[in-house]
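I open a fresh notebook page for this structure. I want to look up one helix pair and a few residues.

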Amino acid sequence: MSHFTTIAIEIKNGDLLKQALEELGYPVKQNTLVRGYLGNTTNAEYVIPMPNAYDLGFRKIGDRYELIADMWGVVMNVEEFLGELNQRYATKTVLQSATQQGFAIEQQEVLEDGTIRIVIGRWA
């Protein structure tokens, strides 16, 4: 019996997902197995290997990714983790989109409350 649980997330770009995870300080392996209870495994495109062998994985379903993990052994607050990941991913998406449209990133800072402030500009 599998203990793996999936959580749909609003992330579409795998490269930006990987970059966001690495910026949060997580090592990321690509196209490998997610480990869970009693050595059960499942495949994922991006995997955060955890020291207790209960990994976090991300795999693409349709045009979006989902988080897959055996939540019985996950030793982090998943809701808090997804909040940080979504914020970092959103920042990367905004920066990439602005750059592609010819805007320059003039300033980026993290405010005391954790809000990320980005100033972009373009000379006409």
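My entries below go through a pair of helices and then three residues.

**Entry one: the helix pair**

I note that this is a predicted model. I looked up helix 1, residues 14-23, and helix 2, residues 78-100. Their axes come within 9 Å. They cross at roughly 125°. Angles over 145 degrees would count as roughly antiparallel, and 65 to 115 as roughly perpendicular. Helix 1 and helix 2 are therefore oblique to each other. I also checked the hand of the crossing, and it is right-handed.

Next I listed who meets whom. Helix 1 brings L16, L17, Q19, A20, L21 and E23. Helix 2 answers with F81, L85, R88, Y89, K92, T93 and Q96. I sorted the residues of this contact by kind: 7 are nonpolar, 3 polar and 3 charged.

**Entry two: K92**

I picked K92 out of helix 2. Is K92 buried or exposed? Its relative accessibility is 14%, and buried means under 20%, so K92 counts as buried. I then set aside its neighbours within four places in sequence and looked for other contacts. K92 touches L16, Q19, A20 and E23. These four also stand in the list for helix 1 in the helix pair. I took one distance as well. K92 and K12 lie 80 residues apart in sequence, and their C-alpha atoms are 12 Å apart in space.

**Entry three: D55**

I moved on to a loop. D55 sits between strand 3 (41-48) and strand 4 (56-61). With 2% relative accessibility, D55 counts as buried. What does the side chain of D55 reach? I found the backbone nitrogen of M50, at 2.8 Å. I also found a polar contact of 2.8 Å between the side chains of D55 and R35. Beyond the neighbours within four places in sequence, I wrote down the contacts of D55: L33, V34, R35, V47, I48, P49, M50, I68 and A69. Both R35 and M50 appear in that list.

**Entry four: E66**

My last stop was strand 5, residues 64-70, where E66 is found. I read 13% relative accessibility for E66, so this residue counts as buried. Which residues does E66 contact, leaving aside its neighbours within four places in sequence? I noted T6, I7, A8 and I9. I also noted G57, F58, R59 and I61. Of these, G57 falls within the span given for strand 4, 56-61.

Technical notes
Residues are numbered from 1 along each chain as its sequence is written. This is a predicted model: local features need pLDDT of at least 70, side-chain atom pairs count only at pLDDT 80 or more; totals for chains, interfaces and linings use all residues. Side-chain values use heavy atoms; hydrogens and water are left out. Axes are lines fitted to C-alpha atoms, for helices over the stretch in contact, and angles run from 0 to 180 degrees between N-to-C directions. Helices (H or I, at least four residues) and strands (E, at least two) are DSSP runs, numbered from the N terminus. Angles under 35 degrees count as roughly parallel, over 145 as roughly antiparallel, 65 to 115 as roughly perpendicular and the rest as oblique. A crossing is left-handed if the near helix is turned anticlockwise from the far one by less than a right angle, and right-handed if clockwise. Contact means heavy atoms within 4.5 Å. Ala, Val, Leu, Ile, Met, Phe, Trp, Tyr, Cys and Pro count as nonpolar, Asp, Glu, Lys and Arg as charged, and the others, Gly among them, as polar. Buried means under 20% relative accessible area, exposed over 50%, partly exposed in between (1.4 Å probe, protein chains only). A polar contact is a pair of N or O atoms within 3.5 Å; within protein, one must be able to donate a hydrogen and the other to accept it, and residues adjacent in sequence count only if both atoms are side-chain atoms.
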